[in-house]
Amino acid sequence: MLRIRLQRFGTKNEPTFRLVVAESATRRDGRFVELLGHYNPRARGKATELKIDAEKYAAWVKKGAQPTDTAKALLKRAKAAAKA
């Protein structure tokens, strides 16, 4: 089963994440099918850096990929930021 989830990058205490489509049985930082966006919770300034390709996200959900709770929350935040 395919999952839309976060893949951790960065150094100790300074994480950055990629939003990817990956097989549910693979490791957290392992092989992925497609990159959908990135998230940097420690970005300088007031807002965190969040870029998600909503069209690709919707296409993968339509194909049957299950997003994690965190992925759903990040997409909701990205849509709210795009409206503002």
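Residues here count as buried under 20% relative accessible area, as exposed over 50%, and as partly exposed in between. Keep those cut-offs in mind for this tour of a predicted model.

**Stop 1: Asp29 and its partner**

Select Asp29. Its relative accessibility is 35%, so it counts as partly exposed. Now add Arg28 to the selection: the two residues form a salt bridge, and their closest N and O atoms lie 2.9 Å apart.

**Stop 2: the other salt bridge**

How many salt bridges does a search of the whole structure find? The search finds two. You have just seen the one between Arg28 and Asp29; for the other, select Glu34 and Lys56, where the closest N and O atoms are 3.4 Å apart. This pair links distant parts of the chain, 22 residues apart: Glu34 sits in strand S3 (residues 34–40) and Lys56 in helix H1 (residues 54–63). Colour both by accessibility if your viewer allows. Glu34 has a relative accessible area of 23%, so it is partly exposed. Lys56 is partly exposed because its relative accessible area is 33%.

**Stop 3: Arg5, a buried charge**

Next, go to strand S1 (residues 2–11) and pick out Arg5. Which side chain of opposite charge is nearest to Arg5? That is Asp29, from the opening stop, but it is 7.9 Å away. A salt bridge needs a side-chain nitrogen within 4 Å of a carboxyl oxygen, and Arg5, though buried, has no salt bridge. Show Thr26 as well: its side chain is joined to that of Arg5 by a polar contact of 2.7 Å.

**Stop 4: Lys51 on strand S4**

Move along to strand S4 and select Lys51. Is Lys51 buried or exposed? At 52% relative accessibility, Lys51 counts as exposed. To see what lies across from this part of the chain, add Ala82: the two C-alpha atoms are 9.9 Å apart in space, while the residues are 31 apart in sequence.

**Stop 5: the largest pocket**

Rolling a probe the size of a water molecule over the atoms shows where empty space is left. In this model, the largest pocket holds about 170 Å³ of space. Strand S4 (49–52) and helix H2 (69–83) are the elements that each give two or more residues to its lining. H2 gives the most, with six residues. To display the lining, select Ala47, Thr48, Leu50, Ile52, Ala54, Leu75, Arg77, Ala78, Lys79, Ala81 and Ala82. Colour these by class and you will find eight nonpolar, one polar and two charged residues. Ala82, your partner for Lys51 at the previous stop, is among the lining residues.

Note on methods:
Residues numbered from 1 in each chain as written. Predicted model: local features only at pLDDT ≥ 70, side-chain atom pairs only at ≥ 80, totals over all residues. Heavy atoms only, no water. 1 Å grid on protein atoms, 1.4 Å probe; cavity = no way out; pocket = protein on both sides within 12 Å on 5 of 7 lines; lining within 4 Å. Points joined across faces, edges and corners; volume = space filled by probe spheres on them. Helix = DSSP H or I, 4+ residues; strand = E, 2+ residues; numbered from the N terminus. Nonpolar A, V, L, I, M, F, W, Y, C, P; charged D, E, K, R; others polar. Buried < 20%, exposed > 50% of the residue type's maximum accessible area, 1.4 Å probe, protein only. Lys, Arg positive; Asp, Glu negative; His and termini not counted. Polar contact = N/O pair within 3.5 Å; in protein donor to acceptor, adjacent residues only side chain to side chain.
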